[in-house]
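Hi,

Here is the structure I said I'd pass along. Have a look at it first, and my notes follow underneath.

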Amino acid sequence: MSHTPGTWTMEDAFKNQYGIGVFAGDVQIAGVFGQSRYDIPIPHEYAEAISNARLIAASPELLAALKSALYTIRALDENYDEHDSYVQGMNALAHAEGRP
């Protein structure tokens, strides 16, 4: 599985629509919106949208860190597959890569 390479960033890409864009360079790869009522943003919903956009933008770095951590656990402990953190990490990696 391959994702859009490069550093992902976020910015206010949807002026007056209460949304945050996630970009890889000049390419928008995601849009995250907060809820509004009668075209008035709901502050806590918009704050949640910003947090969600931050998490999406950090995804490539998080994926790389997870792969590195799993490699390190496996290299340092012959019983690596007995550790809950290793199993959880492998399950998260499979989810991120679209595997069962």
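**What turned up**

In the lining of the largest pocket, helix 1 has the largest share, with five residues. Keep in mind while you read that this is a predicted model.

Some more on that pocket. The space in it comes to about 200 Å³. Ten residues line it, and the ones closest to its centre are H3, S59, P60, L63 and A96. Helix 1 (43–76) isn't alone there: helix 2 (84–96) also supplies at least two residues of the lining. As for chemistry, the lining has eight nonpolar residues and two polar ones, with no charged residues.

The other thing to look at is strand 2, which covers residues 19–24. Is this strand buried or exposed? Six of its six residues are buried, so the rest of the structure largely encloses it. By buried I mean under 20% relative accessible area. In a regular strand, side chains alternate between the two faces of the sheet. Here G19, G21 and F23 point one way, while I20, V22 and A24 point the other way, and all of them are buried.

And its partner? Strand 2 runs antiparallel to strand 3 (residues 27–33), and six bridges join the two. If you want a spot to zoom in on, F23 stands opposite Q28 in strand 3. The two strands form a hairpin with two residues between them, and G25 takes a positive phi near 70 degrees there.

Cheers

Notes
Residues numbered from 1 in each chain as written. Predicted model: local features only at pLDDT ≥ 70, side-chain atom pairs only at ≥ 80, totals over all residues. Heavy atoms only, no water. 1 Å grid on protein atoms, 1.4 Å probe; cavity = no way out; pocket = protein on both sides within 12 Å on 5 of 7 lines; lining within 4 Å. Points joined across faces, edges and corners; volume = space filled by probe spheres on them. Helix = DSSP H or I, 4+ residues; strand = E, 2+ residues; numbered from the N terminus. Nonpolar A, V, L, I, M, F, W, Y, C, P; charged D, E, K, R; others polar. Buried < 20%, exposed > 50% of the residue type's maximum accessible area, 1.4 Å probe, protein only. Pairing = 2+ DSSP bridges.
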